[in-house]
There are 4 protein chains.
Amino acid sequence: MPTFHEAQTSVMELAQFAASRGWLPATSGNLSVRVSDQPLTFAITRSGADKSRLQPEDVLLLDADMRAQGDTPYKPSAETTVHVALYQKFECGSILHVHTVYNNLVSELYAEQGFVEIRGHELVKALGHWEEGAAVRIPIVPNWADLHRLGSAVAEAAQADVPAVLVRAHGVYAWGDTPDDARRHLEAIEFLCEYMYKLHLARGRGTV
Amino acid sequence: MPTFHEAQTSVMELAQFAASRGWLPATSGNLSVRVSDQPLTFAITRSGADKSRLQPEDVLLLDADMRAQGDTPYKPSAETTVHVALYQKFECGSILHVHTVYNNLVSELYAEQGFVEIRGHELVKALGHWEEGAAVRIPIVPNWADLHRLGSAVAEAAQADVPAVLVRAHGVYAWGDTPDDARRHLEAIEFLCEYMYKLHLARGRGTV
Amino acid sequence: MPTFHEAQTSVMELAQFAASRGWLPATSGNLSVRVSDQPLTFAITRSGADKSRLQPEDVLLLDADMRAQGDTPYKPSAETTVHVALYQKFECGSILHVHTVYNNLVSELYAEQGFVEIRGHELVKALGHWEEGAAVRIPIVPNWADLHRLGSAVAEAAQADVPAVLVRAHGVYAWGDTPDDARRHLEAIEFLCEYMYKLHLARGRGTV
Amino acid sequence: MPTFHEAQTSVMELAQFAASRGWLPATSGNLSVRVSDQPLTFAITRSGADKSRLQPEDVLLLDADMRAQGDTPYKPSAETTVHVALYQKFECGSILHVHTVYNNLVSELYAEQGFVEIRGHELVKALGHWEEGAAVRIPIVPNWADLHRLGSAVAEAAQADVPAVLVRAHGVYAWGDTPDDARRHLEAIEFLCEYMYKLHLARGRGTV
């Protein structure tokens, strides 16, 4: 596992990547990298930071109770609850939470059935599904205002074989064993959300 | 409050930010930062400048009568009336006016009801609304050719709890206590306008 | 009027601007700046150049018969006929021809009526129309394979008060007194084409 | 023909070009340049590389049996079969395989008829069709899980006069005599796929 300094550098690289694509609008989103297991600690962007101009001090080291380790004037984001819940459920090393127009649209258009299914698309291989005609279901959970409830809902919906959960009219959580894996999963999810929305426009729902 | 020199630098940074996203097409738009209160003065982009290539001399110091302070060959934009009207109504420190395809589309599609309402979307938090299921109404005003009338109309429609007004088939005015606040509000408004238009395409009007 | 060297520099700056937006795909498009009047000469991009990697030698000095002045291994583009026809009709100093998805879509969707009309949109001011509720008609001409015929058709359709002509399923010609004017006109046209297409999707044709 | 070192440099430039446009999401896609004919060898991106951060060692020299020449810890992508099949059928010098939302949408919307036809559009000139009203048919093949079968299907569908084949819900293969030709063809195909999809939205299928 990385040191805090290495994890901090990874978080800054992930922020540069996601901000350059416009995936962290209006200081939204949170990016984290696990530092230790027993007890759980992880590096994560602080509340309210503009990720296109992130500084090292904007990345905090937190424990499972969201207490900052070391001296910092900054507070963690309230949504850190979701990162904690996912790190406690899975062995993943990095979690990315971003807001995009297309993941928001898919989360809204397919909200009632509780998931969106992508069948027979090449890019599900990037999510680890290599079998012919593979179908991937990405869960969609309500956007609970109570953030402990949101954390529980995301972790409960999360499946070991699909590294992402959509939150309705809010955004996506994607994760992976390493920061590069999490980034690859997120790129695939965003591509597929744009594809699903645009196919929906051409054909109507449920035809993919 | 900032000095004129500090405000000038902020205006140039805001122009760099907005121009890089294509939000100031064809030399349109105006960006300003308040310098003093009694009497009102503010730094603002001059008329006709290409904001992707802004120079310090393209940022003027104006008073409430739109008279330039100091020696300059340039004229203020006629739309400066709207900035004056907003600075006189609110204590905001910065105002951003941009033209985008999505804010134009929303302003046209929802023009007749005089506002667009966004309900239950996470990003309204970036506009200061944190309560569960919060609904935000962004006013839409006609694009009056008389710019004093336009200034009055925008200021009259502007609400203390929603830091933006759309002008039909023209653009948006967004503001905030600081340049960073104004930028965050504008990023959220632009995200929500793109989202609203694309949801409208998938579902038809009034279903958000 | 500029020297050839100045015009060459302007053409390269215009190419950098238009290529960075993806408006010159697959080596398409041509950009020119007038150098002299009696007789007509102008600097223009050569045939087949990738404008994202333009070199000074890719900009030719041509006369009204499309003969290259000076020593060059390169040929002018066959579409240079259109530039000649426009320079002979108007006193404009710069002409930009680009291919974009949105100008292509508008040229196709409104081809049969021979023009697209934009009424009451703020950005027609960037095309020189400041009166209230101004309406601008951009002509659309067939994409004649015979390039002398295409040049005549574009010049004939071109109006003094609207600095652009669309060619069906091909692209746009926009011009102005200076390279900056031509660029501002082109930015406005591209914005309006994207807006018109997206409004058409939401509402159907003829409702703008 | 280029040396391996020259081909490696070309592959890295092509990767920079395609990655900057978002055409290689989630480590997908493969780019290659032919090095020799008898026997066939070519430089190609390795499996799993992030093309936005490509290093020289990520470009392998392979033979027709997909065996890496020289010492490398990396494996070729399984999809290299398609490159081999195309190099064996045509004399082309470079092959580009990318995944984009628009080529995926067109491949899905027109899958059943086995091709998409573009008629009377200017940009088919960039594919080598200069006759008036030229029509270009881009073949669409099923996304066979067996990659030898996919290679055969792409090579069989490929026509000498249209330098591209779409694979359903997967991506496109485009090629050319040189890396610049392949790039120009790919740019034209991507432009046309976006255009075809957006015209389909406005008009419905089969109307282009």
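Where in chain A is A:Thr27 found? In this predicted model, A:Thr27 is found in the loop between helix H1 (4–20) and strand E1 (30–36) of chain A, and the legends below begin with that residue.

**Figure 1. Backbone of A:Thr27 in the loop between helix H1 and strand E1 of chain A.** The close-up is centred on A:Thr27, a residue other than glycine whose phi is positive, near 65 degrees. Most residues other than glycine have a negative phi. According to the unreviewed UniProt entry, the annotation "domain: Class II aldolase/adducin N-terminal" covers residues 9–197 of chain A. Over residues 9–197, chain A is 32% helix and 24% strand, and the C-alpha atoms at the two ends are 34 Å apart.

**Figure 2. Cis peptide bonds before B:Pro39 and C:Pro39.** In chain B, the bond that joins B:Gln38 and B:Pro39 is cis, with an omega of about 5 degrees, and B:Pro39 is placed in the loop between strand E1 (30–36) and strand E2 (41–45) of that chain. In chain C, the peptide bond running from C:Gln38 to C:Pro39 is likewise cis, omega being near 5 degrees, and C:Pro39 is in the loop between strand E1 (30–36) and strand E2 (41–45) of chain C. Most peptide bonds are trans.

**Figure 3. The interface of chain D and chain C.** Here 19 residues of chain D are in contact with 23 residues of chain C, and the area buried between the two chains is about 1,900 Å², of which carbon and sulfur atoms give 59%. D:Glu122, D:Phe191 and D:Tyr195 together supply 29% of the area that chain D buries against chain C, which is more than any other three residues supply. Between chain D and chain C there are 11 residue pairs in polar contact, counting pairs with both residues at pLDDT 80 or more. Sorted by class, the side of chain D that touches chain C has 8 nonpolar, 2 polar and 9 charged residues.

**Figure 4. Salt bridges between chain D and chain C.** Side chains of opposite charge can pair when their charged atoms come close. The rule finds 3 salt bridges across this interface, whereas the structure holds 64 over all chains. One of those at the interface is between D:Asp180 and C:Arg53, whose side chains meet at 3.1 Å, N to O. Because D:Asp180 lies in helix H5 (residues 179–203) of chain D and C:Arg53 in the loop between E2 and strand E3 (59–63) of chain C, the pair joins two chains. A further salt bridge is formed by C:Asp50 with D:Arg183, the closest N and O atoms of the pair being 3.2 Å apart.

**Figure 5. The rotation axis relating chain D to chain C.** A turn of 90 degrees, with a shift of 0.0 Å along the axis, lays chain D on chain C with an RMSD of 0.0 Å. The two copies are therefore related as by a four-fold rotation axis. The residue of chain D that comes closest to this axis is D:Leu201, its C-alpha being at 5.2 Å. The copies use different surfaces, for 5% of the contact residues of chain D recur in chain C.

**Figure 6. Chain pairs that do not touch.** Chain A and chain C make no contact, and their nearest C-alpha atoms are 10 Å apart. No contact joins chain B and chain D either, the closest C-alpha atoms of this pair lying 10 Å apart.

Technical notes: Residues numbered from 1 in each chain as written. Chains lettered and ligands numbered in written order. Predicted model: local features only at pLDDT ≥ 70, side-chain atom pairs only at ≥ 80, totals over all residues. Heavy atoms only, no water. UniProt positions renumbered as here; feature names shortened; annotations may be inferred. Helix = DSSP H or I, 4+ residues; strand = E, 2+ residues; numbered from the N terminus. Contact = heavy atoms within 4.5 Å. Buried area = accessible area lost by both parts, 1.4 Å probe. Salt bridge = Lys/Arg side-chain N within 4 Å of Asp/Glu carboxyl O. Polar contact = N/O pair within 3.5 Å; in protein donor to acceptor, adjacent residues only side chain to side chain. Nonpolar A, V, L, I, M, F, W, Y, C, P; charged D, E, K, R; others polar. Least-squares fit on C-alpha atoms with pLDDT ≥ 70 in both.
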